[in-house]
Amino acid sequence: MVDMVPSEERAVEVRADLDDVETVQEEASEAPVPEITFDEQFYPARPRALRPKARRRHFQPGRPPFEPDARNSVYVEWLRNQSMLGDAKVLARQLSGQASMWQNPYAYPNPRAAVDRASVWFTAYPLSLITKPGQSFLAALGDPELWGAFQQIGIKAIHIGPVKLAGGLTGWEHTPSIDGHFDRISMAIDPLFGSEDEFRKMCEVATGHGGTIVDDIVPGHTGKGADFRLAEMNFRDYPGIYHMIDIPESDWTLLPDVPEGEDSVNIDVATEKALQDAGYIIGELQRVIFYEPGVKETNWSATPPVMDTNGKLHRWVYLHYFKAGQPSINWLDPTFSGMRLVMGDALHSLVDLGTGALRLDANGFLGVEKSAEERPGWSEGHPLSAAANQIIGSMVRKVGGFTFQELNLSMDDIKATSETGPDLSYDFVTRPGYHHALVTADTEFLRLTLRQAMEIGIDQASLVHALQNHDELTYELVHFITQHKDDVFELDGGEVTGAELAQTIQQTLRDGLTGEAGPYNLVFTTNGIACTTASVITAVLGVTDLASVTPEQTAQVRQVHLLLAMYNALQPGVFALSGWDLCGMLTVDRSQVARLMARGDTRWINRGAHDLMGFNPSAEASTSGMPRAVSLYGTLPAQLADESSFARQLARILAVREEHGIAKSSLLDVPDVSHRSMLVMVHRLESGDLEVTVLNFSGQDIAGTVRSEHLGLGAEVTDVFSGEPVGVVDDLHSFYIQLGAFQGTALLVTPPAEEAVEDAAVGNAAGNGGGSAAGGSTTAAG
């Protein structure tokens, strides 16, 4: 067989990056002066230094005419040439000993620097984007016309989603992905989405428009590709990549038979206990993610007998937090093979392809440990996860990038992980909170979650506040059902435990968004609800048949959608939205994705194909075969030509956010409100002024006072959208406001001159009574 692996002694190139290094922003003048870190002292604001660059090897797999057998050296070499561990070694050899690896500070996360670089993200999903005929997904995302539209709206980054080869290998054959390409098996770009050259061109176009590309790595698991098949063969360091145990043949009687045509079988609870008692596995873990009776009852699966390169048979039991085709990576194996694989994948994206940031998927499950006294094994909030995340985050910062974690754990764990690991964390807690506020027209639970985050010490600027992504509307509320399940919280005039609180919120969302209220939305296992943002809103508005949505109802959906955008955008942190949001996409009929849903994954109904730019109006599906969903808002070019459109009104919101630096502000207060559907967030801007976000989550006009101890007597309150005065803060630290149905606004609170303070209380009685933000609200229809 021809050896297509290039020499590992390839010279390393370096390139000058003219972007400035973002410095840590100073806190507000009233806040304590923070201790200057080593990074800040040693690296004053200066141009980012030389950024390292490397290239992975390129191998074009064919199908040699030999048996795919471990005793066949040609087959083993064929697998090695496709393995991620092999590519990681090639990349590492090019970067080791290079001065360019030491030019960036990396010790501590810097969320405000990450937000400053890109504070508004578009989250793409490769399988669902409709492109020009013959155009790839990556070429479409690198289209200058698309980036021109993004610039008009205010979008500065694209999170592209997983685009590398995923799925598995059976013999010589590639098997398809079983989890939306999150079961990665290679560093090579999947031809379904484009080429490496198109990927690099996309990064160049993004940079030319002042943007960046956010890629994915999955430090928790791989698919069953070359690395896993070599591990099954007990080949060299490969078994060290995974949590997998070689069961002696004398105890194969403990293992279930693997059905014909399958390469593993999930073990049941009794087998899990037997293997634990025999000392082979640590047994039950804290959660069984994607639990499904008869399909996944434990986090462990067993392989059939697999032959190694010496002709010896092995049966393995391996860990998978998610699906059976996603074997979990072992971060503390003596070979450190798993760590080397993940680091190589991260460096490939950053220093080979040219991305600026990475999402860490499933990064909260990187450590497992046996517990005493027959308790479930420790698998969430483990210190090894924090340590591994610190290593990943530091490596990415070391080469000039930043990271964010999609970590659905308790807020305590998010806080702990963010102290040394990723720069940003996904906001999994307040998203079900604002959906609950919309369903009930009551913000009490949303205010509770925001206050919990403040009490724990989470900086809102370190969070990614998102509308829809490719997943379900997650409502697990892990914070309340794990560490705080027995804590007592106040809700609706009574006291409930955290576990009871979570159950109440979940049931309210199921009742309000699925079933009779929204038959087009579906529950997804125990995780949440499969839906789009628009289909959440139609259910709230009482629309039960998506085929009969009227123009008037579309205008209502748009107004509510903008309200939710304001909640996410008019607070510190990153604001993220998807093509499903930009085009107002509805769910697809379940019959259209019945094959994809055959194993119970209902999320396919919310992943309908959409044509952002109107590149292919006649297409009935995306290139990958996802059926086109109904769009309520139309394409971006059409919207940008209409001042009343969703995209144009969103652009106004994002312009205000940018002008006043709301993304880098600090959340000071989430005060009690005078109307249950009102939400108030008080922020300190970098200028020292206050910004107050006020939202109405009901379909009724409301009026009331906004009160916070942070509001100073005599301060002037101005609507930043209209520039009109709203009122003056009185001696009760409050002012009066009116909002229309599903409206919101941002208010600038400016301290008066000192000589005017004494007169403020007198003038306030006359000037504050009639204040209203309704006229300046961006979410007003039309």
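**Figure 1. How much of the chain is tucked away from the surface.** Of the 782 residues in this chain, 59% count as buried. Keep in mind that you're looking at a predicted model. The chain has 22 helices and 32 strands, and the close-ups that follow pick out a few of them. If you look at contacts between residues at least 6 apart in sequence, 73% of them join residues at least 24 apart.

**Figure 2. Helix 9 and its buried side.** Helix 9 takes in residues 269-277, and its buried residues are Thr-271, Glu-272, Leu-275 and Gln-276. These residues sit on the same side of helix 9 because they cover an arc of only 140° around the axis. So what covers them? The cover includes strand 10 (244-247), strand 12 (300-302) and strand 14 (313-319). Now look at the face turned away from the buried side: that's where you'll find the exposed residues Ala-270 and Asp-277.

**Figure 3. The two ends of helix 9.** Which residue caps the N-terminal end of helix 9? That job goes to Asp-268, with a side-chain oxygen 3.3 Å from the backbone nitrogen of Ala-270. After helix 9 comes Gly-279, and its phi is positive, near 90°.

**Figure 4. Two residues with an unusual phi.** Here's some background: most residues other than glycine have a negative phi. His-181 isn't a glycine, yet it has a positive phi of about 70°. You'll find His-181 in the loop between strand 7 (173-175) and strand 8 (184-189). Is His-181 buried or exposed? Its relative accessibility is 8%, so His-181 counts as buried. Phe-290 is also a residue other than glycine with a positive phi, near 65°. Its place is in the loop between helix 9 and strand 12. With a relative accessible area of 13%, Phe-290 is buried, because the cut-off for that is under 20%.

**Figure 5. Helix 13 packed against helix 17.** Helix 13 is made of residues 430-440 and helix 17 of residues 533-540; they pack at an angle of about 25°, with their axes 9 Å apart. That angle makes helix 13 roughly parallel to helix 17, because angles under 35 degrees count that way. Helix 13 passes helix 17 in a right-handed crossing. Which residues make the contact? From helix 13 they are His-435, Leu-438 and Val-439, while helix 17 brings in Val-536, Ile-537 and Val-540.

**Figure 6. Arg-229 and the residues around it.** Arg-229 belongs to helix 8 (residues 226-232). Its relative accessibility is 9%, so Arg-229 counts as buried. What does it touch? Leaving out residues up to four places away in sequence, Arg-229 touches Leu-79, Leu-169, Thr-170, Lys-224 and Asp-263.

**Figure 7. Gly-727 in strand 30.** Strand 30 covers residues 725-728, and Gly-727 has its place there. Gly-727 counts as buried because its relative accessibility is 9%. Try finding Glu-716 too: Glu-716 and Gly-727 are eleven residues apart in sequence, and their C-alpha atoms are 6.3 Å apart in space.

How values were computed. Residues numbered from 1 in each chain as written. Predicted model: local features only at pLDDT ≥ 70, side-chain atom pairs only at ≥ 80, totals over all residues. Heavy atoms only, no water. Buried < 20%, exposed > 50% of the residue type's maximum accessible area, 1.4 Å probe, protein only. Helix = DSSP H or I, 4+ residues; strand = E, 2+ residues; numbered from the N terminus. Arc of directions from axis to C-beta. Contact = heavy atoms within 4.5 Å. Polar contact = N/O pair within 3.5 Å; in protein donor to acceptor, adjacent residues only side chain to side chain. Axes fitted to C-alpha atoms, helices over the stretch in contact; angles between N-to-C directions. Parallel < 35°, antiparallel > 145°, perpendicular 65-115°, else oblique. Left-handed = near helix turned anticlockwise from the far one by under 90°.
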